[in-house]
Amino acid sequence: AWSEMEKVKQSGKARSIGVSNYLQPQLAATLQTANITPSINQIEFHLYLQHGGPNGLLLSYMKEHSIAGAAYGPLTAATKAKPGPCDDMLASLSTKYYVSEGEIALRWCVDQGFVTITTSSKEERLSDYLRALTFKMTPKEVHDLGEKGMGKHFRGFWQGKFDQNDRS
């Protein structure tokens, strides 16, 4: 299948090609025969699903092979996964920066180097999320929030496809 994607790129019909929901073994298998490295891997990524953190197998492999990460579900800690260890810090930071907890969660994903994707049917909410790009948390806040997030594991999507404790 990947060779067919490469043909699309080579034909000029796509500027870049990527994958979605690939873990390290799938990326490795693809790269064994690939002539073109996937430019991006879209994965569920948020405070409560960090794939082992920056030194985890998946994220370090993506970095080693210059594969960008796109995060879907970045609001999960502020929406689907409450209560959790990040709740107090999300509330405190949202007060400090005059933004919503969701915007703090989005900003954290951006600060991890991820292209961050969210959806809404409400135009106002989408414009609110753009505020996540107008402020910066301190490096300590980013680090501490990530550390707190490692205290809980939660998948908002594909729960039936992974073992309950699978953090890969």
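## Two exposed positions

Gln10 is located in helix H1. In this predicted model, Gln10 has a relative accessibility of 55% and therefore counts as exposed, the cut-off for that class being over 50%. Its C-alpha atom lies 32 Å from that of His51, with the two positions 41 residues apart in sequence numbering.

Thr134 belongs to the loop between helix H6 (123–129) and H7. Because its relative accessibility is 63%, Thr134 is likewise classed as exposed. The side chain of Thr134 reaches the backbone oxygen of Arg131 at 2.7 Å. Thr134 and Arg107 are 27 residues apart along the chain, and their C-alpha atoms are separated by 9.2 Å.

## The two faces of helix H2

Helix H2 spans residues 24–33, and its buried residues are Gln24, Leu27, Thr30 and Leu31. These residues lie on the same side of H2 because they cover an arc of only 125° around the axis. The face turned away from this buried side carries Pro25, Gln32 and Thr33, which are exposed.

Several elements contribute to the cover over the buried residues of H2. They include two helices, H1 (2–10) and H3 (57–64), together with strands E1 (19–20) and E2 (40–44).

## The largest nonpolar core

In soluble globular proteins, nonpolar side chains tend to be buried together. The largest nonpolar core in this model has 33 residues, of which Phe45, Leu47, Ile104, Trp108, Met137 and Leu145 touch the most other members. At least two residues of this core come from each of the helices H2, H3, H4 (87–97), H5 (101–111) and H7 (139–149).

The contacts of Leu47 may be listed individually. When residues up to four places away in sequence are not counted, Leu47 touches Ala77, Cys86, Leu90, Trp108, Leu145, Gly146, Gly149 and Met150. Among these partners, Trp108 and Leu145 are also named with Leu47 as core residues that touch the most other members.

## Packing of helices H4 and H5

Two packed helices are described by the angle between their axes and the distance between the axes. For H4 and H5, the axes come within 8 Å and cross at roughly 95°. The two helices are therefore roughly perpendicular to each other, as the range for that description is 65 to 115 degrees. On the H4 side, the contact is made by Leu90, Ala91, Leu93, Ser94 and Tyr97, and on the H5 side by Glu101, Ile104 and Ala105.

Two of these contact residues also appear in the description of the core: Leu90 of H4 is touched by Leu47, and Ile104 of H5 is one of the core residues that touch the most other members.

Note on methods
Residues are numbered from 1 along each chain as its sequence is written. This is a predicted model: local features need pLDDT of at least 70, side-chain atom pairs count only at pLDDT 80 or more; totals for chains, interfaces and linings use all residues. Side-chain values use heavy atoms; hydrogens and water are left out. Buried means under 20% relative accessible area, exposed over 50%, partly exposed in between (1.4 Å probe, protein chains only). Helices (H or I, at least four residues) and strands (E, at least two) are DSSP runs, numbered from the N terminus. The arc is that of the directions from the helix axis to the C-beta atoms. Contact means heavy atoms within 4.5 Å. A nonpolar core is a set of buried Ala, Val, Leu, Ile, Met, Phe, Trp, Tyr and Cys residues joined through side-chain atoms within 4.5 Å. A polar contact is a pair of N or O atoms within 3.5 Å; within protein, one must be able to donate a hydrogen and the other to accept it, and residues adjacent in sequence count only if both atoms are side-chain atoms. Axes are lines fitted to C-alpha atoms, for helices over the stretch in contact, and angles run from 0 to 180 degrees between N-to-C directions. Angles under 35 degrees count as roughly parallel, over 145 as roughly antiparallel, 65 to 115 as roughly perpendicular and the rest as oblique.
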